[in-house]
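Thanks for asking me to look this one over. My notes follow as numbered points, with the structure first so you can check each one as you read.

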Amino acid sequence: MKYLNLRQFSFFVAILTIFALFPATDWPVAYAEDAYPRSNPLVGDQAAIEKGAYLYFKWCGACHGRRADGEGVRFTKGADLTIFWRSYCDYMVIALNGRTDKNMPPWGGVLDEEELSSIGAYLETLAKESANWKGSCTLL
Ligand code: HEC
């Protein structure tokens, strides 16, 4: 049995170096930026909006309210989603992962991405003037 020769050894070191440097590069960030488009692809899609409304009342309304403004809620008061100002991508990140430290449950595993996009398309129909659903991710 032969030990590693110099070429194999350098190859091994090179691979290790790449893995060690990987988190320091901006590759994963660039990838995350592309995780979701700069606007919701389901915006204005009537079928998606109706499905989103149904899902909203089933899963989100209890905390975010009948008008999605966080009013008239009995227990945990959710944020006012009619003035959501981040981006579709940030919406997806928050909806999928929740803010578990602040009573916002994670919906990944309960609702799939298309369902969450549909809810987003519905919420965009309620968006007030100060709201914003476009732009790049700030949370990834
Ligand atoms: C158990 C109560 C509860 C339910 C159910 C709930 N939320 Fe929330 N949500 C919250 C709370 C509380 C916050 C505010 C968290 C904070 O202060 O950062 C929040 C915040 C959010 C935010 C961030 C708002 C912002 O301006 O930063 C989004 C987006 C959101 N919820 C989407 C949803 C969606 C979509 C659903 C349904 C699939 C849902 N939530 C269901 C409690 C809830």
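What share of the contacts in the protein with a separation of 6 or more comes from residues 24 or more positions apart?

1. Residues 24 or more positions apart account for 70% of those contacts. Please bear in mind throughout that this is a predicted model.

2. On the overall fold: the secondary structure comes to five helices and zero strands. Read along the sequence, the pattern is α-α-α-α-α. The protein has 140 residues, and 24% of them count as buried.

3. Helix α1 covers residues 6–21 and passes a simple length check. With 16 residues at 1.5 Å a residue, α1 should span 22 Å, and its end C-alpha atoms are indeed 22 Å apart, so the two values agree. Helix α1 is also hardly covered, as the count of buried residues among its 16 residues is zero.

4. Next, the packing of α3 with α5. The axes of these two helices come within 7 Å and cross at roughly 100°. That angle falls in the range of 65 to 115 degrees, which means that α3 is roughly perpendicular to α5. By class, the contact of α3 with α5 has nine nonpolar, four polar and two charged residues.

5. If you want to inspect that contact residue by residue, the α3 side consists of A48, I49, K51, G52, A53, L55, Y56 and C60. These meet E115, S118, I119, G120, A121, Y122 and T125 in α5.

6. The ligand is surrounded by 21 residues, the closest being C60, C63, G78, A79 and M104. Two elements give two or more residues to this shell, namely α3 (46–64) and α4 (88–97). Helix α3 gives the most, with five residues. C60 is worth a look for two reasons: C60 is among the closest residues to the ligand, and C60 is also one of the α3 residues that meet α5.

7. What is the make-up of the shell around the ligand by residue class? The shell divides into 15 nonpolar, four polar and two charged residues.

8. Finally, G98, which is found in the loop between α4 and α5 (113–125). Is G98 buried or exposed? G98 is partly exposed, because 15 other C-beta atoms lie within 10 Å, while a buried residue would need 20 or more. Leaving aside residues up to four places away in sequence, G98 touches M104, P105, P106 and W107. G98 and G108 are ten residues apart in sequence, and their C-alpha atoms are 8.5 Å apart in space. M104, one of the residues that G98 touches, is also among the closest to the ligand.

Conventions. Residues are numbered from 1 along each chain as its sequence is written. This is a predicted model: local features need pLDDT of at least 70, side-chain atom pairs count only at pLDDT 80 or more; totals for chains, interfaces and linings use all residues. Helices (H or I, at least four residues) and strands (E, at least two) are DSSP runs, numbered from the N terminus. The expected span of a helix is 1.5 Å times one less than its number of residues. A residue is buried if 20 or more other C-beta atoms lie within 10 Å of its own, exposed if 12 or fewer, and partly exposed in between; C-beta atoms are placed from the backbone. A residue is near a molecule or strand if its C-beta atom, placed from the backbone, lies within 6 Å of it. Ala, Val, Leu, Ile, Met, Phe, Trp, Tyr, Cys and Pro count as nonpolar, Asp, Glu, Lys and Arg as charged, and the others, Gly among them, as polar. Two residues are in contact if their C-beta atoms, placed from the backbone, lie within 7 Å. Axes are lines fitted to C-alpha atoms, for helices over the stretch in contact, and angles run from 0 to 180 degrees between N-to-C directions. Angles under 35 degrees count as roughly parallel, over 145 as roughly antiparallel, 65 to 115 as roughly perpendicular and the rest as oblique.
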